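Here is the note you asked for on this model, written as numbered points. Please read it with the structure open beside you.

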Amino acid sequence: MPDQPAPAATAAPYPPSSPAPGTWRRVARLFRPHRAAVLLVLVLAAAFAALNGVVPLLSQVVFDRALFGPGGPDLPLLAVLAGIAAAIACAVGAVDLGQTWVSARIAQRLVRSLREEMFDRLQRMPLAFFTTTKGGEIQSRLAGDTTQVENAIKETLPEVLAGLLGLVVAAVAMVSLSPLLAGAAVVLAPAVLWVSARSGRALKSLSAVGQETRAELTSIAAERLSLGGVTLARVHGRRADEQARFAAESRRLARTQVRAAMAAQLVLSTAHVFFVVTPYLAYLAAGLADDITPGTLVAFVVLQSRLYQPLGQMLRISTDLRSVEGAFARVFTYLDLRPETDPETGSLTQPERGVGALSVREVGFGYEVPGDRDRMALRDVSLDIRAGSTALIVGPSGSGKTTLGHLLAGLRRPAEGAVLIDGTEVRGPLPGRLCIVPQEPFLFQGSVADNLRYADPDASPDDLIRVCRITRIHERIMTVPDGYDAHVGERGALFSGGERQRIALARALLADASVLVLDEATSALDPLTEAEVVQAVLAERAGRTTVMITHRFGVLDCFDTVVALDRGRVVEQGAPRDLRAEPHGLYARMVRAQTGAGAAS
Ligand SMILES: Nc1ncnc2c1ncn2[C@@H]1O[C@H](COP(=O)(O)OP(=O)(O)OP(=O)(O)O)[C@@H](O)[C@H]1O
């Protein structure tokens with residue numbers, strides 16, 4: 001069966017460590033619908049910076065006039081100044097709260113729509129995408145990258161604005177206090193900027209490696225800590241290998257995180273040295289000049305210490321932004337995926353059902369396997385299945401039966417030729433008209449009834465019982481404590497393989513499609529039950545088209561037509577009895593091999 005999660009599935013190309021150019025332009029476009037809110041954050045950030053910048057200037061008045069003024073300490077003035085400082089502090093708090101609220105709302109709205117768009121895009125991707133993409137990677141992007149983007153908008157956006165404005169306000173205040181002291185204060189700035197730029201570059205690639213490793217870890221955990229994965233490891237005694245594989249990735253992540261932490265800390269440590277040394281440069285400049293008052297010097301040093309926060313913030317942000325850019329780029333690669341399902345043909349509202357006549361016209365199909373593009377799974381396949389008839393598709397393993405089933409059900413599109421239903425080309429899944437039941441049915445977390453009603457949300461309890469009786473699963477469901485309300489477990493693990501198949505078959509019957517394709521959908525049943533179930537299903541569907549892909553021929557006489565495939569080509573087609581009469585034909589040989597030499601003759 002194709003499309004089952006392959007253990008060795010290769011990852012979809014992870015965005016390279018350097019995000020595509022233009023990422024930030026695209027990010028800016030995302031903010032367009034939120035222009036007004038961003039403007040409000042900007043206004044609040046400006047208010048925040050201005051208010052914060054005023055407080056240090058008060059210290060000049062405190063020292064030069066209120067404490068050491070010509071007439072000695074001026075207590076009323078000191079009290080007024082204390083009141084002003086307290087009022088400013090309260091205003092700063094209020095502005096900060098408002099800013100957090102507005103930016104959190106922008107972040108939530110923007111990320112919500114990104115997440116939903118990604119989910120929608122992924123739902124419409126070709127099946128091939130899911131065979132080659134690790135499940136963990138999808139989860140990592142949907143959850144991890146969007147969370148990073150959300151935090152960036154919620155925290156980094158206001159920080160950038162506040163930091164930039166804070167720097168501007170402090171710089172203006174410092175220059176207005178004393179251009180000489182301001183000049184002395186920035187002597188060491190180029191060194192800090194240089195270290196910051198280098199660390200930022202390192203952080204950018206470390207962030208990409210970190211995300212990639214995290215996705216790999218999630219993928220290993222999701223696949224290997226599943227029922228199937230754990231059983232496989234136990235059966236083959238590979239628990240230690242699985243542990244080693246996980247530990248290797250875990251170590252890689254830990255190493256990357258330590259290196260990222262070091263790169264970020266290097267910037268902060270350099271900034272720390274800058275902030276310790278710079279006041280002394282200011283004292284030196286004050287010593288050289290003779291017109292600097294003590295109040296001016298104190299106000300300047302306070303302002304400078306106030307710079308620590310916005311400057312530190314900006315340095316941290318500049319490093320954060322590198323990894324945020326990577327997260328945005330990864331989200332964008334998913335948004336740029338080209339979905340296959342045509343929304344029109346995949347629509348849930350199919351106007352007419354039709355009678356279910358299938359026609360396959362010179363169809364060719366090849367899976368896009370890197371390095372093996374020319375190998376065709378189906379070649380020049382043409383066949384007709386009358387409306388309301390039953391057809392059996394047989395053939396050796398790998399002959400293309402499932403591929404043909406997928407084409408008939410509209411899950412894949414032929415590279416050449418066309419598949420028609422009632423004379424109209426099948427260009428995608430047609431719910432209500434085409435339905436397929438795979439060999440390994442998918443039961444999702446929920447009750448038996450939830451799983452059944454996925455095909456028909458309006459089905460009554462009696463409808464559920466009716467279809468489950470047809471597929472001979474009703475009695476078994478009734479033995480479970482909660483009956484139809486019982487939970488099926490992870491991927492239906494509380495039921496056996498054959499039981500899962502019968503529940504899936506019952507679900508397909510509820511869909512009441514014009515064409516039903518059973519892709520080895522009863523392969524896990526014993527031959528007697530299989531014959532009973534298939535006959536009951538055909539009786540229920542009398543008058544509607546049913547195609548069954550099978551390796552087993554226990555029930556073949558009830559089918560109108562047999563199509564035999566070999567290496568992607570139709571090698572025989574006709575009524576079962578006629579094909580059996582061809583002793584050298586593929587079909588007759590397969591029947592003989594299965595039922596014993598006498599049976600075919
Ligand atoms: N997702 C896929 N990607 C690449 N090749 C695939 C994929 N699925 C199937 N194939 C290849 O296409 C060919 C036809 O496969 P298909 O599953 O249709 O055969 P089948 O007759 O149903 O086999 P089986 O009876 O073993 O289920 C095989 O050679 C198979 O290896």
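The points below take up a helix pair, the nonpolar cores, two residues with positive phi and one residue in a helix.

1. Please keep in mind throughout that this is a predicted model. The residue numbers used here count from 1 along each chain as its sequence is written.

2. Begin with helix α13, which covers residues 461–470, and helix α15, which covers residues 497–511, since the axes of these two helices come within 8 Å and cross at roughly 125°. An angle from 65 to 115 degrees would count as roughly perpendicular and one over 145 as roughly antiparallel, and α13 and α15 are therefore oblique to each other. The crossing of α13 and α15 is right-handed. On the α13 side the contact is made by Asp463, Val467, Cys468 and Ile470, while α15 brings Ala506, Leu509 and Leu510 to it. Sorted by kind, the residues of this contact are six nonpolar, no polar and one charged.

3. Which residues have the most contacts inside the largest nonpolar core? They are Ile393 and Ala506, in a core of 67 residues. Helix α15 supplies the largest share of this core, namely seven residues. Apart from this core lies another one, of 55 residues, which includes Ile153, Ala185, Phe274 and Ala329.

4. Ala506 deserves a second look, for if its neighbours within four places in sequence are left aside, Ala506 is in contact with Leu452, Val467, Cys468, Ile470, Thr471 and Ile473. Among these, Val467, Cys468 and Ile470 also belong to the α13 side of the helix contact described above.

5. Most residues other than glycine have a negative phi. Arg472, although it is not a glycine, has a positive phi of about 60°, and it lies in the loop between α13 and α14, the latter being residues 474–479. Arg472 counts as buried because it has 20 C-beta neighbours inside 10 Å.

6. Glu520 is likewise not a glycine, and its phi is positive, at about 50°. The loop that holds Glu520 runs between β7 (515–519) and α16 (527–540). Is Glu520 buried or exposed? With 20 other C-beta atoms within 10 Å, Glu520 is buried.

7. Finally, turn to Ala221, which is placed in helix α7, residues 189–224. Ala221 is partly exposed, because 15 other C-beta atoms lie within 10 Å of its own. Measuring along the sequence, Ala221 and Glu242 are 21 residues apart, whereas in space they are 9.8 Å apart, C-alpha to C-alpha.

Conventions. Predicted model: local features only at pLDDT ≥ 70, side-chain atom pairs only at ≥ 80, totals over all residues. Axes fitted to C-alpha atoms, helices over the stretch in contact; angles between N-to-C directions. Helix = DSSP H or I, 4+ residues; strand = E, 2+ residues; numbered from the N terminus. Parallel < 35°, antiparallel > 145°, perpendicular 65-115°, else oblique. Left-handed = near helix turned anticlockwise from the far one by under 90°. Contact = placed C-beta atoms within 7 Å. Nonpolar A, V, L, I, M, F, W, Y, C, P; charged D, E, K, R; others polar. Core = buried A, V, L, I, M, F, W, Y, C linked by C-beta atoms within 7 Å. Buried ≥ 20, exposed ≤ 12 C-beta atoms within 10 Å, placed from the backbone.
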